Amino acid sequence: IIPIYNAEKTLARCIDSLVRQDRKDVELILINDGSTDRSGEICKEYQQKCGNIRYFVQENRGVSAARNVGLAEAQGEYVLFVDSDDYVSQTYFEIIDAALVKEKADLLLFGEQYTSGEKANDDYSVAVQSQELNIYQKLNLLLRGLQLDALLAKVFHREIIQRQGLRFQENLAVGEDTLFVFTYILHVCSIWTENTPVYYIDVSNGESLTRKYRPYLCDQLMAVHKRMFSLIKVCDWPESEKKSIQATVTWSFYRSVYSVCKDLRKGDMTPEERREKIRMVCNRFLEESIKPADWKCQLIAIPVQMRMAMLIDGMTGLRKIAAERKQ
């Protein structure tokens, strides 16, 4: 499933990387989300050349709405997502096939790499291959390792998606991927990782939304975590495991405060104005009265609870510098 919006510069590279592998058992679903450039023409050209491409057009409603069209139309046993500015390796399907034959996992995670040459996911997920871990422990491990933040480089069973009626929240512009993967994973019996990097993430787009200040980020991340907490309450997992997952989501909840505060650095404001905003963000999260569940969570929660704006500002500044150096 490939959602497309004004991607004329990278779209051919993306589609080429998939169709050159000459797979007869793969369908490519292209959803044009109201593009105003040549993206539509490019899609039509490939549809005429490749019999396994299905092309859909909608008014601009956002990436989640486009992906939902793909989910409604998908017919394959497995579902994968690719962004139109990314591309895959020549061994993409070969590596995925081998992993699925070996483990038959309900959720398969595979390796990613930035176009700068650096691996996008670390080997933290290798531990998920341990036969000694149960499904609950694997979920905790992936959440702690931030392996569920992205929808890409994952293989989903379409039958599970359809049975549970899973769709993307179209009112979310941030965190919709995490929420989808988290909801899906509550219904799986097996998880496996294949760390060979076969998915390439293009980090050259200076117009990416992640590089711009997002004033809605606080409310959206808050909504995502509140939904995750509600899903834990109603899932049919053992109470002890639900408590463990809730502790991890609580850690993620407080960690997202720092994500919001780091995002403030993209805005046009003085350090004093930014720190006042940080205090407001802390207050907003503290209104939810969510208590830290363990010492790791307490470490990041204390500056928030104390509204230590200068400390949080300094910490997020260092994180921003580290992220920029990675790219």
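1. Two strands are said to pair if DSSP finds at least two bridges between them. In this predicted model, strand E2 (residues 28-33) and strand E3 meet that description, pairing in the parallel sense over six bridges. One residue of this pairing is Asp 33, whose bridge partner in E3 is Gln 58.

2. The pair E2 and E3 belongs to an open sheet of three strands, with the order E1-E2-E3 and parallel pairing. Strand E1 (2-4) and strand E3 (53-58) each have a single partner strand and stand at the edges, so one side of each is left without a neighbour in the sheet. On average, neighbouring strands of this sheet are turned by 20° against each other, direction ignored.

3. Helix H3 (residues 63-73) lies across E1, E2 and E3. The helix runs at about 145° to E2.

4. A further open sheet is formed by five strands in the order E4-E7-E6-E8-E5, and its pairing is mixed. The edges are taken by strand E4 (78-79) and strand E5 (87-88); each has a single partner strand, so one side of each is left without a neighbour in the sheet.

5. Which strand pairs with E5 in the antiparallel sense? The partner is strand E8 (residues 191-201), and the pairing extends over two bridges. Within E8, Tyr 200 is the bridge partner of Tyr 87. As background, strands of a sheet pair through backbone hydrogen bonds, either parallel or antiparallel.

6. Helix H4 (residues 92-103) lies across E4, E5, strand E6 (107-114), strand E7 (154-157) and E8. Relative to E8, helix H4 runs at about 175°.

Note on methods:
Residues numbered from 1 in each chain as written. Predicted model: local features only at pLDDT ≥ 70, side-chain atom pairs only at ≥ 80, totals over all residues. Heavy atoms only, no water. Helix = DSSP H or I, 4+ residues; strand = E, 2+ residues; numbered from the N terminus. Contact = heavy atoms within 4.5 Å. Axes fitted to C-alpha atoms, helices over the stretch in contact; angles between N-to-C directions.
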